[in-house]
Amino acid sequence: MAAHEHAHGSPGFHLSAAFRRHRTGSESAVSARLDTHTAQAYALASLRVLTGFVFLWAFLDKTFGLGYATASGKGWIDGGSPTKGFLGSVAAGPMESTFHSWAGDGWADWLFMLGLLGIGLAVMAGVALWPAAVAGTAMMALMWIAEWPPARHLSNGAPSMSTNPFTDYHVIYALALIALAAAGAGATWGLGRQWARLPIVRDHTWLH
């Protein structure tokens, strides 16, 4: 009678191979999640820095008259008013006369410029994102009302040239500030972690 030998795999070998496959799959999933998280962090950090620079650049241009939105020699340090031209030219909306009365007032200039500087520095540094979001949203809301996109015609009857009755760049900037604060986007490329460890910030979460 011929004897037949059958090769039987070791149960330990099968379990070990299955464990290695499971471990490799788990490590791949974890690595993918980490890569996604890192990409999201970098994307939010980029958005934060660029959004902050929008406010900081506006402050610098209006202060020193860098020749962009503010002509050379017309800067704040040269005696120009950061609010007179914009608020004085409001030609639509429910606050038209109010904005005209504010145009060029010292308190309006200081409040506007300190807001631009504070929001710009805070957002770029990744600190006090919620206060910056609240202040920035209030500023963007006032500027939105000043431009009043819903108007089809200005108060003098001329076409307003509004391209959208609701959403414009003021709304986008406000939502970007809120999103950055909600996501806690100050840690990557910023001082968010150091800021959060300060005792006053730990005791007052609204300062995050």
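## A walk from L66 to R152

Start by selecting L66, which is partly exposed because its relative accessible area is 39%, between the 20% and 50% cut-offs. Keep in mind that you're looking at a predicted model. L66 sits in the loop linking α1 (11-64) and α2 (84-88).

Now add F64, Y68 and I77 to that selection and switch on a surface. Together with L66, these residues make a nonpolar surface patch of about 450 Å².

Next stop: α5, residues 129-147. How many residues does α5 have, and how far does it reach? There are 19 residues, and the distance from the first C-alpha to the last is 26 Å, close to the 27 Å expected at 1.5 Å a residue. Colour its buried residues: L129, A132, A133, G136, M139, M140, M143, W144, I145 and A146. As you look along the helix, remember that an α-helix has 3.6 residues a turn, so residues three or four places apart point the same way. Among the buried ones you can pick out L129, A132, A133 and G136.

Step just past the end of α5 and you reach W148, where phi is positive, at about 45 degrees.

Carry on to R152, in the loop between α5 and α6 (169-182). Is R152 buried or exposed? R152 counts as exposed because its relative accessibility is 71%. Show A158, P159 and S160 as sticks: R152 is in contact with these, leaving aside its neighbours within four places in sequence.

For a last pick, draw a C-alpha to C-alpha distance from R152 to A92: the two are 9.3 Å apart in space and 60 residues apart in sequence.

Key. Residues are numbered from 1 along each chain as its sequence is written. This is a predicted model: local features need pLDDT of at least 70, side-chain atom pairs count only at pLDDT 80 or more; totals for chains, interfaces and linings use all residues. Side-chain values use heavy atoms; hydrogens and water are left out. Patches are made of residues with over 30% relative accessible area and no salt bridge: like charges are joined within 9 Å, nonpolar side chains (Val, Leu, Ile, Met, Phe, Trp, Tyr) within 5 Å. Accessible areas come from the Shrake-Rupley method with a 1.4 Å probe; for residues, only the protein chains shown count as cover. A salt bridge is a side-chain nitrogen of Lys or Arg within 4 Å of a carboxyl oxygen of Asp or Glu. Helices (H or I, at least four residues) and strands (E, at least two) are DSSP runs, numbered from the N terminus. Buried means under 20% relative accessible area, exposed over 50%, partly exposed in between (1.4 Å probe, protein chains only). Contact means heavy atoms within 4.5 Å. The expected span of a helix is 1.5 Å times one less than its number of residues.
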